[in-house]
Amino acid sequence: LDKYVVPHNLQFKGTTVGGLSSIDYNPQKNEYYCISDDRSNINPARFYTTNIVIKENKIDTVVFTDVQFLRTPSGDTFPDYHK
């Protein structure tokens, strides 16, 4: 549809939003999932749940509603990519 620029260093639930990719839609819940490209350098690896408002075939607004951390099989968050 278009691109949407998230404000630089946007904070949401104790995380820094940015570098989002792989947007997937869940029609049963009418919500989108956006994975963060951050490899646990700023915050643990994570994905965001969002509501995306489309107007005139363009992204009008993105509302972040939740954040979930990706976890290892043992239940821990992933370590910093550089460690």
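Student: In which strand is Ser36 found?

Tutor: This is a predicted model. In it, Ser36 is found in strand S4, residues 31-36.

Student: Is Ser36 buried or exposed?

Tutor: Burial is read from relative accessible area, and under 20% counts as buried. Ser36 has 8%, so Ser36 is buried.

Student: What does the side chain of Ser36 reach?

Tutor: A polar atom of that side chain lies 3.2 Å from the backbone nitrogen of Asp38.

Student: Which residues does Ser36 touch, not counting those up to four places away in sequence?

Tutor: Two groups are listed. Ser36 touches Gly18, Gly19 and Leu20. Ser36 also touches Arg46, Phe47 and Tyr48.

Student: How do strands of a sheet pair in general?

Tutor: Strands pair through backbone hydrogen bonds, either parallel or antiparallel. Here S3 and S4 pair in the antiparallel sense, over 5 bridges. Leu20 stands opposite Ser36 in S4.

Student: What joins S3 and S4?

Tutor: The two strands form a hairpin, with 4 residues between them. Asn30 sits in the turn and has a positive phi of about 50°.

Student: What is the strand order in the open sheet?

Tutor: The sheet has 4 strands in the order S3-S4-S5-S6, with antiparallel pairing. Strand S3 (20-26) and S6 stand at the edges. Each has a single partner strand, so one side of each is left without a neighbour in the sheet. The twist averages 30° from one strand to the next.

Student: How many bridges pair S5 and S6?

Tutor: S5, residues 46-55, pairs with S6 in the antiparallel sense over 10 bridges. One place to check the register is Val53, whose bridge partner in S6 is Thr61.

Student: Now the loop between S4 and S5. Is Ser40 buried or exposed?

Tutor: Ser40 lies in that loop. The relative accessibility of Ser40 is 10%, and the residue counts as buried.

Student: Which polar atoms does the side chain of Ser40 meet?

Tutor: Look at two backbone atoms. The backbone nitrogen of Ala45 lies 2.9 Å from a polar atom of the Ser40 side chain. The same residue's side chain reaches the backbone oxygen of Phe78 at 3.1 Å.

Student: Which residues are in contact with Ser40, leaving aside neighbours within four places in sequence?

Tutor: Ser40 is in contact with Ala45, Phe78, Pro79, Asp80 and Tyr81.

Student: How far apart in space are Ser40 and Gln28?

Tutor: Their C-alpha atoms are 30 Å apart. In sequence the two residues are 12 apart.

Student: Where is Thr72?

Tutor: Thr72 is in the segment after strand S6 (58-69). The side chain of Thr72 makes a polar contact with the side chain of Ser74, at 3.0 Å. Beyond neighbours within four places in sequence, Thr72 is in contact with Thr77 and Phe78. Phe78 also appears among the contacts of Ser40.

Student: How is a pair of aromatic rings described?

Tutor: By the distance of the centres and the angle of the planes. Rings pair if their centres lie within 6.5 Å. By this rule the count comes to 5 aromatic pairs. Take Phe12 and Tyr48: the centres are 6.2 Å apart and the planes at 65°, so the pair is edge-to-face. This pair links distant parts of the chain, 36 residues apart. Phe12 is in strand S1 (residues 11-12) and Tyr48 is in strand S5.

Student: Are Phe12 and Tyr48 buried or exposed?

Tutor: Both are buried. A tilted pair is formed by Tyr25 and Tyr32, with 4.6 Å centre to centre and 45° between the planes. Tyr25 is partly exposed, with a relative accessible area of 40%.

Student: Which residues do ring pairs link into a cluster?

Tutor: The cluster holds Phe12, Tyr48 and Phe64.

Student: How many helices and strands does the protein have?

Tutor: The protein has 0 helices and 6 strands. Of its 83 residues, 27% count as buried. The C-alpha atoms fill a box of roughly 45 × 30 × 20 Å along the principal axes.

Student: What are the figures for surface and contacts?

Tutor: The accessible surface comes to about 5,900 Å², and 51% of that belongs to carbon and sulfur atoms. Among contacts with a separation of 6 or more, 36% are between residues 24 or more positions apart.

Note on methods
Residues are numbered from 1 along each chain as its sequence is written. This is a predicted model: local features need pLDDT of at least 70, side-chain atom pairs count only at pLDDT 80 or more; totals for chains, interfaces and linings use all residues. Side-chain values use heavy atoms; hydrogens and water are left out. A polar contact is a pair of N or O atoms within 3.5 Å; within protein, one must be able to donate a hydrogen and the other to accept it, and residues adjacent in sequence count only if both atoms are side-chain atoms. Contact means heavy atoms within 4.5 Å. Two strands pair if DSSP finds at least two bridges between them. Axes are lines fitted to C-alpha atoms, for helices over the stretch in contact, and angles run from 0 to 180 degrees between N-to-C directions. Buried means under 20% relative accessible area, exposed over 50%, partly exposed in between (1.4 Å probe, protein chains only). Accessible areas come from the Shrake-Rupley method with a 1.4 Å probe; for residues, only the protein chains shown count as cover. Rings of Phe, Tyr and Trp (its six-membered ring) pair if their centres lie within 6.5 Å; planes under 30 degrees apart count as stacked, over 60 as edge-to-face and the rest as tilted.
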